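Could you walk me through this structure in my viewer, one selection at a time? I am in my first year, so please tell me what to click on and what I should find there.

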Amino acid sequence: MTSRLEQIIILQDLDLMIREMSDHATTSQLRKIGFELDEVATLRETRADIASKIDRDLLNTYDRLMKRYPRAVAPVRSGVCLACFIKQPTQLSASDLEKVRFCEQCKRILYAI
Amino acid sequence: MTHKEFTSYFHPEFFIADLKATSKDKAIEEIVAHLVERRQIKNGTVVVEALKKRESLGSTGIGKSLAIPHGRTTVTGKLTVAYARSIAGISWESIDHKPVHFIFLILAPHQEKENHYLPLLGKIVEFARDAAVRKRLLKVETHEELLGVLDGAKAAS
């Protein structure tokens, strides 16, 4: 079973894939390399399905952050948020996936890499 | 991207000489599990999801026994390449409907300083489309031999 944090990261990866695959320059390059690509409509349906399984408060927070920033979930390395480069007061563990933590400074959702 | 930069992405720990999986999904899962075991990524679940969703947009089996599953994900900090060979061959819904023997799995962070993700994809396709290279790849048993094929392809071009 996927945790709350995994669900939100899966959603972010999908949102960014939809964004990337909606970019004509990127898809042209991928097709030129040799990949066949369908329209992103099916990914949007998958997105709706994933979003429906995430609790409303967390999803609202995520959507708000995605409007404000290019990415809502920021990686953390050695306790530092790699989006705003602020050291976090508490250490994050990559295995601790049930707790959703937020950056003290930028308020993005954090994921330890 | 220079040849040196290109070969620097092939790490001995991310080399699988004989993939056991017999289906596309299982192959992706096996390679990702290999990367998790070697601590290159900490969360396999998220990566498998991203790669399978990318496959749903169009198979990354681009013909000539070659598949390049790829995607960007939040859970990796650096551009990563894993190479796996399937001796038996795997059905990958490829363009030419033929089984896949050579799999180059590529993971990239959403933001990378060097911007090597797409050039790396292009370089791998360019490299593996050469029939002589693929013939040599089938015999490759070690990472060193793989590097030898990469260097040989560079010398021949």
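Here is a tour in a handful of stops, starting with a whole chain and ending with single residues. Keep in mind that this is a predicted model.

**Stop 1: chain A as a whole**

Select chain A and show it as a cartoon. You should find four helices and three strands. Following the chain from its N terminus, the elements come in the order α-α-α-α-β-β-β. The C-alpha trace of chain A spans about 45 × 30 × 25 Å along its principal axes. Chain A has 113 residues, and 50% of them count as buried. Among contacts in chain A with a separation of 6 or more, 58% are between residues 24 or more positions apart.

**Stop 2: the sheet of chain A**

Now colour the strands of chain A. They form an open sheet of three strands in the order 2-1-3, with mixed pairing. Why is one side of strand 2 and of strand 3 left without a neighbour in the sheet? Strand 2 (80-81) and strand 3 (109-112) of chain A stand at the edges, and each has a single partner strand, so one side of each has no neighbour there.

Next, select strand 1 (residues 73-77) of chain A together with strand 3 of chain A: these two run parallel and are joined by four bridges. Show Pro75(A) as sticks and look across to strand 3 of chain A, where Tyr111(A) stands opposite. Add helix 1 of chain A to the view. This helix packs on the sheet and touches strand 1 and strand 3 of chain A, its direction making about 100 degrees with that of strand 3 of chain A.

Stay with strand 3 of chain A and show its side chains. In a regular strand, side chains alternate between the two faces of the sheet. Are the residues on the two faces of strand 3 of chain A buried or exposed? Ile109(A) and Tyr111(A) on one side are buried, and so are Leu110(A) and Ala112(A) on the other, which leaves both faces covered.

**Stop 3: a residue in helix 1 of chain A**

Select Glu20(A), which lies in helix 1 of chain A. Its relative accessibility is 16%, and because buried means under 20%, Glu20(A) counts as buried. Leaving out residues up to four places away in sequence, Glu20(A) touches Thr26(A) and Thr27(A), as well as Arg72(B) and Tyr117(B) in chain B. For a distance to try in the viewer, pick the C-alpha atoms of Glu20(A) and Val40(A): these residues are 20 apart along the chain, and the atoms are separated by 9.9 Å.

**Stop 4: the nonpolar core**

In soluble globular proteins, nonpolar side chains tend to be buried together. The largest nonpolar core here has 94 residues, and Ile68(B), Phe104(B) and Leu137(B) have the most contacts inside it. Its largest share, ten residues, comes from helix 1 (residues 4-21) of chain A.

Zoom in on Phe104(B). Leaving aside neighbours within four places in sequence, its contacts include Phe10(B), Ile68(B), Tyr83(B), Phe127(B) and Leu137(B).

**Stop 5: two packed helices in chain B**

Select helix 2 (residues 24-37) and helix 3 (residues 44-56) of chain B. They pack at an angle of about 145 degrees, with their axes 10 Å apart, and their crossing is right-handed. Show the side chains where they meet: among them are Ile28(B), Val32(B) and Val36(B) from helix 2 of chain B, and Val47(B), Val48(B) and Leu51(B) from helix 3 of chain B. The residues of this contact divide into six nonpolar, one polar and five charged.

**Stop 6: three loop residues**

Most residues other than glycine have a negative phi. Select Ser78(A), in the loop between strand 1 and strand 2 of chain A. Ser78(A) is not a glycine, yet its phi is positive, at about 50 degrees. It is exposed, with a relative accessible area of 56%.

Then go to Glu93(B), in the loop between strand 5 (80-90) and strand 6 (100-108) of chain B. Its phi is also positive, near 50 degrees, and Glu93(B) is exposed at 60% relative accessible area.

Finish at Gly77(B), in the loop between strand 4 (70-72) and strand 5 of chain B. Gly77(B) is partly exposed, with a relative accessible area of 38%. Not counting residues up to four places away in sequence, Gly77(B) touches Arg77(A), Ile113(A) and Pro109(B).

Terms used: Residues are numbered from 1 along each chain as its sequence is written. Chains are lettered from A and ligands numbered from 1 in the order in which they are written. This is a predicted model: local features need pLDDT of at least 70, side-chain atom pairs count only at pLDDT 80 or more; totals for chains, interfaces and linings use all residues. Side-chain values use heavy atoms; hydrogens and water are left out. A nonpolar core is a set of buried Ala, Val, Leu, Ile, Met, Phe, Trp, Tyr and Cys residues joined through side-chain atoms within 4.5 Å. Buried means under 20% relative accessible area, exposed over 50%, partly exposed in between (1.4 Å probe, protein chains only). Contact means heavy atoms within 4.5 Å. Two strands pair if DSSP finds at least two bridges between them. Axes are lines fitted to C-alpha atoms, for helices over the stretch in contact, and angles run from 0 to 180 degrees between N-to-C directions. A crossing is left-handed if the near helix is turned anticlockwise from the far one by less than a right angle, and right-handed if clockwise. Ala, Val, Leu, Ile, Met, Phe, Trp, Tyr, Cys and Pro count as nonpolar, Asp, Glu, Lys and Arg as charged, and the others, Gly among them, as polar.
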